[in-house]
Amino acid sequence: MSLNSIMDFGFVIDRYGIFLTATFVFIGFMSFIYALATITHKGHRLEYYISLVLIILSGIGVALSRNLLFIFICWEIATFAVWRAVVFYRKPDQVSSGNVVFITNFVTAGIMLIGIGILYLQNGTFIITEIEKIDITAITLITIGIFAKSVILPVHFWLIPAYASIPSAIGGVLAGIAENLGLVLFFRLFSNNSNLPPDFCNIVAWIAVVSSLIAGGSAYRTNRLRYLLAYSTISQIAFILLGFSVGDFFGTSGAMLYILAHALAKSGLFYGVGTIEDVTGEANIKNISCMLRISPVLTVNMALLFSSIVGFFPMIGFFSKLMVVIGAVQKNIYFGFVAIASAIFTLLYSDRFYHELFYGEHCDIVDLKTARKPGVVESGVVFILALLSLILGILFYEILGYIGGL
Amino acid sequence: MHEIGPEIYREIYYVLLLPVMCGLFGFLIKRLRNEMGFLGFVLTFFYSLRIFLLLQNQTFSYSIASIAGIDFRIYVDNLTRFILLFNSIFALLILLYSVISMRKIHGESVYQLYLGLTLSGANGVVLSGNLILLLIFWNMLVFSLYGILLVGKKESVNAARKALTIVGVSDFVMMLGIIIIYVSVGDANFPVSPLLQLNTGVLISAYILLLVGALAKAGAMPLHTWIPESAKVAPASTMAFIPASLDKLLGIYFLVRISYYIFDLTQSMPIRMTLMVIGAITIIFAVMMALVQKEAMRLLSFHAVSQVGYMVLGIGTGIPLGIAGGLFHMINHAIYKVCLFLSAGSVEYRTKTTELDKLGGLGSKMPLTMFCFIIAAFAISGVPPFNGFYSKWMVYQGIIELNKETNLWVIFLIAAMFGSVLTLASFLKMIHSLFLGERPKEFDKVREVRFGMITPTLILALLCIAFGIFAEQIPLARLIYPSLPFLKIMPIGFWSAGLATILIIIGILIGIIVFLFGTALKPRPSKVFVGGEVLETEEARITGPNFYSSVHNIDMLEKTYQFGEEGAFDFYNYLRGILGGFGVLFRDVINQFFVLLYSSFAGVIAALGRIFSVLHSGELPGYIGWIFLGAIILLLLLAL
C-alpha cells in the first residue's frame, strides 16, 4: 500500500466523462450569464464565482476521476460550495437551512468515507477499475453517501430548505451539476458491475423508483415554487438512478441522456422561477397568476421546459424517460409500473404549476400593470435552455450515438 | 398489380411533412397563411390518394432508421391507406371551412399550424409499423391537441388542461404497454406473427395498457370527459377536426391494430366481454347525457362519445361482421359527426350562440345547413338508408352472432338499439331547436353561410347518403373488407339498400302529397293563451331544450344527472383527487417522518454538544488536566 497508489489521481477520459463534463460546463456557463443580471453586488458576485467554480470543478473531477479518494475530495468541495451558496445572504433562515445541508452531507460523506476505506483495505487501491473485491458493508456505506448527495429517500430532505434559500443563479447549478455527483459515482462504481452482490442493484432500483414516486406526489401537493423544484428534482434524480441501477444499454444510456435532459430543464426552470419571484416578489403559487400577460416569451419557454421534464415528444426528456423505462421493464416489470406512476405525477404537478402560474383565474392578485417585465438576459437564458431541450430532443440519436457508442 | 416504385417512399415523406411544413410557413408568412395551408392540405390529399391507389391490396414496409436496436419501420396495408386517405379528406374539408369561420378568432394565427401538426402526427401514427415510432407520433398529438384547444376563447385553458392531463396520462400508460410488448417479444414491429395470445398476466396487462391509450384517444368512457369540456369553448372546426374525426380514426385504428394485428382478441372472451361492456355503457350513459343538454356543441360532443360505444362494441364482439361493422361505423361516424359539428358551427357563425333555447326557426334562412344537418342527424340515429344505419346494422348482426358464445348478447343488443332510439330522440330535439318552430326576431336577418363553409358540409352530407345507399359497393368492398383480410365476413339476414331507398323515397313523396293537399293549403293560425292572456310570439315560442325534461325529472335519473353535472362520473376529478390524496400522504407523512428523524438526530447532536460544552470551563488548569488524561488513555491503549 504505497503512497503512490493512494495519490494516483489519474483521470479517465471516456465518452461518458466527456459528455458529463460538457454538460456541467455548459450548465455552469448558463448560470454565469444568468448571474450577470441577477447577482449585482460586488461582494456577492465574488462569493458566487467561488461557489460556481468550485461546483463545476468538483463536477468535472467526479466525472473524470478514476480514484475514489480524489472523488471524495471533490465531493467534499461540492458540499462546502453548496453550503456557502445556501447561506449566501446570511439571513437567519438561510443559516438554518445551511446547517441542515452541511450536517446531512457531511455526516453521510463521513459514512461514505468509511466505506471507501473498507474497499481500500480489501483491494489495496482507490482506483475504481482495479477494485474487484466488493464488500456489502462497504457498498452500503458508500451508497448512503450517494443517496444523500443525489437526494434519494430517506436522505433527501436537505434539498428542500436548500432550494428555498439558495440564489436562483446557483440553484440552477445545484440542480444541474452538484446533485448529479452521486449518480456519477454510482455509475462509475456500481453500474454494470458484475462483482456486486446479486440483489444490490435491485434494492437500489426499488429505493430509487419509490423515491421518485413519493417525491413526485409531494411536488403535486406543494404550493411553494421552490419546494416544487426541490421535490421535482428528487423525483427526477431518482428516475436517473433507476436507469443506472437497472444497467444494460437502455438503463445506462437512458440515464445519461436523462442527466442532460434534467440538467437543461431543471436549471431552466430554476432561472424561470427566479425570474418570476423577482418580477412578482412572491414565492407561493397561490399568490401568483396570469404570468402570461407579463411575459409570453417566458410562458412558452417554461412550457417547453416543463414538457421536457414530463417527457413529451419532441423534447429530449421524452427519449430519456422512454429509455429508462425500457431498461426498468427489462429488469423487472413492476419497476415499469411504479416509474410510470411517477411520470404521471410529474405530468400532474407540471400541469398544475404551469397553468396556475401562467394562466390562473385570479389575475387581480398580481398588479400586472406595474409588474416589472423580465430582463432580456434572464429570459434569454431560459430561452436557450428551452430551445436546447427541444433541439437535442430532435437530434437525440446523435447524442445517443455518442454516449451509447452506437 | 402496380409495381411499388421509389416514388412511394417520397410520397410517404410528403404526407408526413407537407402539412406541418406548410402550416409552419403559413405561420411565419402571415399574408400567405391560407394559401400555404390550403396548398399543404391539397397536396397531402393528393399524395394520400396516390398511396391509396398505388398500394391497393399490397403491403409495403421499410425501415427508416434503426436506433438502439429499435427498428423504426413504416408499414402500409389496406387499413393504413384507407385511414390515411380519410385523414387528409377530413383535414382538407375542415381547413376549407375554417378559413372563413376562424377569421378574427383569438389565436387565429397559430390555428393552421396546429392543424398541420395534427395531420402530420395523425398520418405518422397510421404509417408507423413499429409501436415505438407510433408512440412518438401519438405523443406529438398531445402537443397539438393542447395547442389547438387554446385557440378560440380565452377561457379555453381549462378544457385544454383537462385534455392534456387525460390524454397525457393515457399516453404514459400506453407507453408502458408498448415497452412491455417490446421487452416480451424482442421487437415492437407489427403485424406480429403469430399473434400474441392473451394468456399470461404480462401480455394481458400489456393489452389493457394499450387499450387505455386507444380508448382515451377515441373518447370512450370513462376517459371521455375532456371532449364535452372542450365542446363548451372550442370552435366548431376544432371539435370537428379532433374529437369527431382524427381522434376517432386513430383511437379505433389503434384498437383494431392491437386487437387483431398484435394480439389475438378472438381467443380471449373475458377481454372481449370487457370491451363490450365498455362499449355498451358508453353508448347508454353518453346518450342519456346528450338527451338533456341545452347547448348544441355539448350535445354533439356527448354523441361523439356515445357513438364510440358502437365501435368498441362491434370490435369487441370478435365476430367478423361485428368487427367490420365497428370499423365501418368509425368512418361513418367521422363523416356525419364532422358534418354535424360544421352545421352547428355555421349556425353559431351566423347567430353567435349555440344555446338551444335561444335558437329556432332557422330552416328557412339556412336551408342548406338544415339539409346537411338533418341528413347527418338521421345518419347518426341509424335511420335507413343513411350510412349510420348500415354500420349499426352490421354491429347488431355481430352481437346476434355472439349468441353461440354468451347469453349476454341480448343485453348488448338492447343497449345498442336503445342507444340508437335515444340518439334519434335527441336529434329530433336539436333539429327542432335549431331549424324549426318560431324564429326569434333577432335572427330575421340571418342568412346562409358562404360557399367556403357550406361546401364541406354538403360534401359530407352527400357522403352520408352515398355510403348508406352504396355501402356494399363502395366503402365495404373497397375500404373496410380489404382492411380486414383475415376475416371471413358472412352477412346474415337480408338488406337491400337500393330497395329500401326507393321505398323510403316513395313514402316521403306520399307524405309530401298528403301535406300539400291536406294541412298545408288550409293553415289555421290561432293565438296562444295562458290564463286568458294572449302571449306575444317570443313568449309563446316552443323551444327544444325542454323536450325531455320529463326524463330528466324522473326521481332516480334526476339524481344521476345531478351527479353527472357535478362531475361525479368524471375520471379526471378522481384522478386528481386520488393522486392528490397520495400527494398529501407522501408530503405530510412520509417526508415529515424523515424530517422528524433528522430533527431527532440533530437534537441528539445538539444535546451532546451542550453536555460537552460543560467541559469548556475557560480555565487553563482544567485544559491541562484534560490533556494529561488524554495522554494517559492513549498510552494505555498503545500498551494494550
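**Exercise 1.** Which residues of chain B does the UniProt annotation "domain: NADH:quinone oxidoreductase/Mrp antiporter transmembrane" cover? Describe the backbone of that span.

*Solution.* Let's start with the record: the unreviewed UniProt entry places this annotation on residues 128-418 of chain B. Next, turn to the coordinates, keeping in mind that the model is predicted. Residues 128-418 of chain B are 75% helix and 0% strand. The C-alpha atoms at the two ends of this span are 38 Å apart.

**Exercise 2.** Divide chain B into domains, and find how far apart the centres of domain 2 and domain 3 of chain B lie.

*Solution.* The assignment gives domain 1 as 1-238, domain 2 as 268-488 + 537-569, and domain 3 as 572-639. Domain 2 of chain B is thus written as two segments. Taken over C-alpha atoms, the centres of domains 2 and 3 of chain B are separated by 69 Å.

**Exercise 3.** Work out what chain B brings to its contact with chain A.

*Solution.* Begin with the counts: 35 residues come from chain B and 37 residues from chain A. Then look at the helices: helix 5 (131-150), helix 6 (157-185) and helix 22 (571-613) of chain B each give at least two residues to this side. Helix 6 of chain B has the largest share, with 14 residues. Finally, sort by class: the side of chain B has 27 nonpolar, 6 polar and 2 charged residues.

**Exercise 4.** Judge the confidence of the prediction.

*Solution.* Chain B has an average pLDDT of 86, and 96% of the residues reach at least 70. Among its elements, helix 13 (residues 367-381) of chain B has the highest mean, 93, and helix 19 (residues 537-540) of chain B the lowest, 64. Coordinates should not be read in detail where pLDDT is low. For the model as a whole, ipTM is 0.91 and pTM is 0.89.

Note on methods
Residues are numbered from 1 along each chain as its sequence is written. Chains are lettered from A and ligands numbered from 1 in the order in which they are written. This is a predicted model: local features need pLDDT of at least 70, side-chain atom pairs count only at pLDDT 80 or more; totals for chains, interfaces and linings use all residues. Domain bounds come from an automatic or database domain assignment. UniProt positions are given in the numbering used here, feature names are shortened, and annotations may be inferred rather than shown by experiment. Helices (H or I, at least four residues) and strands (E, at least two) are DSSP runs, numbered from the N terminus. pLDDT is the predictor's confidence in each residue, from 0 to 100. Two residues are in contact if their C-beta atoms, placed from the backbone, lie within 7 Å. Ala, Val, Leu, Ile, Met, Phe, Trp, Tyr, Cys and Pro count as nonpolar, Asp, Glu, Lys and Arg as charged, and the others, Gly among them, as polar.
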